Amino acid sequence: MVETGQTPPLLRMRGISKSFPGVRALDSVDFEVSAAEIHAFLGENGAGKSTLLKILSGAQPPDEGSIEFDGRSVRFVSPQEAQAAGIVTIYQEFTLAPDMTVAENVFIGREPGGRVFISYRDLEEQTAALCRRIGLERSPRALVRDLSVAEQQMVEIARALSMKSRLIVMDEPTSALSRAEVENLFAIIRNLKRDGIATIFVTHRLEEVFEICDSYTVLRDGRHVGRGKVAETDMDGIIRLMVGRDVGLLAAREESFNTGEPALEARNVSRRRKSTDSSAIELHDVSFRVNRGEILGLAGLVGAGRTETARALFGADIFDSGVIAVGGREIRVRSPRDAIASGIGLVPEDRKQQALFLALAIRTNLSIAAQDRISSMGVFISAAKEDALVEEYRRRLNIRMASPDQIVGNLSGGNQQKVVLARWLALRPQVLIVDEPTRGIDVGAKFEVHNLLVEMARSGIAIIVISSELPEVMALSDRIITMREGRITGEIMGRDATQEKLMRLMTLGQPQAA
């Protein structure tokens, strides 16, 4: 019952429970969001956040519990019903049609006009008004495929506003944005708040909670474990709620396993922009070396050429000139097959699109690159050897799974990342490149992945870490090189690095004046 004089919440979910075969995803969860509030929804991967939000959006029905929205009892049987009521979800993977215009995406299925003909004048005028409201400086006629990630996200927000939303759910909205783009997004969210629109903000970047959010709710293992005002807690308090233990924030490594023996060397690697890919980042005489047992950080702003360098080393993109050597021996890399045969592995930044077969079992994803270890006479797969391989890395990496036959797409983000890392460990590479190793995973899984990378270095593997999170680069790296516009701009030892020094090298290409 609401106390006298107290404004009832915009959203109230009570006693929400949901089970799947063998899994209790939600156990009597309570969740409330007030009007015009920015509410952080937090928890480790697998805590139940996605399930609760799917129930809220009408994508899944609850087994038990009740939902009240704007003072009335509701039960949505489809996302369309939730949207009609004023609840819109913007997912991490956008739902836009790339070959349609901004205007067509904003009003798709709800185009102004008669029953037969669409009024394109009204469509574009209404879209232009929405774009002005959120600061999207693009023509309503622009194709979505020509927009940046940040601009596509703004199209999603414009679509939500066109539905006269009262509550917008944003799932990991900053995961692929630069800092400038994040600040612009936060300005939009604050403007939405001033307009009376509430936001549920789902993120693994806890520093953002303290920057933008008013209140928070934490789930753990499918249960509600805490909520409160952001101003009345701190980072350690939220982490303890999320993981049920003290994890500790990132601290710089004190021990190095650098043997001094060269593992990989790139000399004057260059790649020109092709006419068929005019937006690609060029590489200009990229040269560096990483030793066995060393963790080398690669830092730079969006568009600096970090991922392009990784893809060139791995043979995913063919470079035009330069030399790559592994173990002191020059190699020819024209494809990922060449790189793998030479002992180079790559964990790409988008594990779902570029690393995992989401519809296949864990065992298949883990063992697919180690067929020689689990086959008999190089032809027939040995089920016993495959089981032993999966069990070995399940234990070593603490992969939480129901069984090796579980579909990998049903694992949490952190456990999916461990499966990708296990795949490369099974191949025993000399060099492993990890691009955004902890993007989209929770703080507990992040800590485990960091420890795993350090253990790989201890075993003698050379690690190249690419991360947009400077504290992560500084905590993991023995040495850090910086890039800008496809060029190496500087180098600094990990123990001497600060965010200010790195940012100066990343943006200006010069160290701080003495």
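Start by selecting Pro-140, in the loop between helix α4 (120–134) and helix α5 (149–162). The model on your screen is predicted. Is Pro-140 buried or exposed? Its relative accessible area is 14%, and because buried means under 20%, Pro-140 counts as buried. Show its surroundings next: leaving aside residues up to four places away in sequence, Pro-140 touches Thr-101, Val-102, Ala-103, Glu-124, Thr-127 and Ala-128. For a sense of scale, add Ser-287, which is 147 residues from Pro-140 along the chain; their C-alpha atoms are separated by 43 Å.

**Salt bridges around the same loop**

Side chains of opposite charge can pair when their charged atoms come close. Keep Glu-124 on screen and add Arg-141: the two form a salt bridge, with the closest N and O atoms 3.0 Å apart. Glu-124 sits in helix α4 and Arg-141 in the loop between α4 and α5, 17 residues apart. Glu-124 is partly exposed at 22% relative accessible area, while Arg-141, at 59%, is exposed.

Now select Arg-145 and Asp-99. Their salt bridge has its closest N and O atoms 2.6 Å apart. Arg-145 is in the loop between α4 and α5, and Asp-99 is in the loop between β6 and α3 (102–106), so this pair ties together parts that are 46 residues apart in sequence. Arg-145 is partly exposed, with 46% relative accessibility; Asp-99, with 54%, is exposed.

How many salt bridges does a search of the whole structure find? It finds 31.

**The six-stranded sheet**

Colour the strands β6, β7, β8, β3, β9 and β10. They form an open sheet in that order, with mixed pairing. The edge strands, each paired on one side only, are β6 (87–90) and β10 (223–229). On average, neighbouring strands in this sheet are turned by 20° against each other, direction ignored.

Select β3 (residues 38–42) and β8 (residues 198–202). These strands run parallel and are joined by four bridges. To see one position, find Ile-38, which stands opposite Thr-199 in β8.

Next, go to β9 (215–220). β3 and β9 also pair in the parallel sense, over four bridges. Ala-40 has Tyr-216 in β9 as its bridge partner. Five of the six residues of β9 are buried, so this strand is largely enclosed by the rest of the structure.

In which sense do β9 and β10 run? They run antiparallel, joined by six bridges. Val-218 stands opposite Gly-226 in β10. The two strands make a hairpin with two residues between them, and Asp-221 in the turn has a positive phi of about 55°.

Add helix α8 (residues 235–243). It lies across β3, β9 and β10, running at about 30° to β9.

**The four-stranded sheet**

Hide that sheet and show β2, β1, β4 and β5, which form an open antiparallel sheet in this order. β2 (23–33) and β5 (72–74) stand at the edges with a single partner strand each, so one side of each has no neighbour in the sheet. The twist from one strand to the next averages 30°. Helix α1 (residues 49–57) packs on this sheet and touches β1 (11–20), β2 and β4; its direction makes about 115° with that of β1.

Zoom in on β4 (residues 64–69) and β5, an antiparallel pair joined by three bridges. Phe-69 has Arg-72 in β5 as its bridge partner.

**Further stops**

Select Arg-267 and Glu-330, whose side chains meet in a salt bridge (2.9 Å, N to O). Arg-267 lies in strand β11 (residues 262–271) and Glu-330 in strand β15 (residues 329–331), so the pair ties together parts 63 residues apart in sequence. Arg-267 is partly exposed at 28%, and Glu-330 is exposed at 52%.

Move to helix α9 (residues 306–314). Seven of its nine residues are buried, so α9 is largely enclosed by the rest of the structure. Among the buried residues are Arg-306, Leu-313 and Phe-314. Gly-315 follows α9 and has a positive phi, near 85°.

Finish on the surface with Phe-357, Leu-360 and Ile-368, a nonpolar patch with about 240 Å² of accessible area together. Leu-360 is in the loop between α11 (351–354) and α12 (362–367), and is partly exposed at 39% relative accessibility.

Note on methods. Residues numbered from 1 in each chain as written. Predicted model: local features only at pLDDT ≥ 70, side-chain atom pairs only at ≥ 80, totals over all residues. Heavy atoms only, no water. Patch = residues over 30% accessible without salt bridge, like charges linked within 9 Å, V, L, I, M, F, W, Y side chains within 5 Å. Areas by Shrake-Rupley, 256 points an atom, 1.4 Å probe, with all protein chains shown as cover. Salt bridge = Lys/Arg side-chain N within 4 Å of Asp/Glu carboxyl O. Buried < 20%, exposed > 50% of the residue type's maximum accessible area, 1.4 Å probe, protein only. Pairing = 2+ DSSP bridges. Axes fitted to C-alpha atoms, helices over the stretch in contact; angles between N-to-C directions. Contact = heavy atoms within 4.5 Å.
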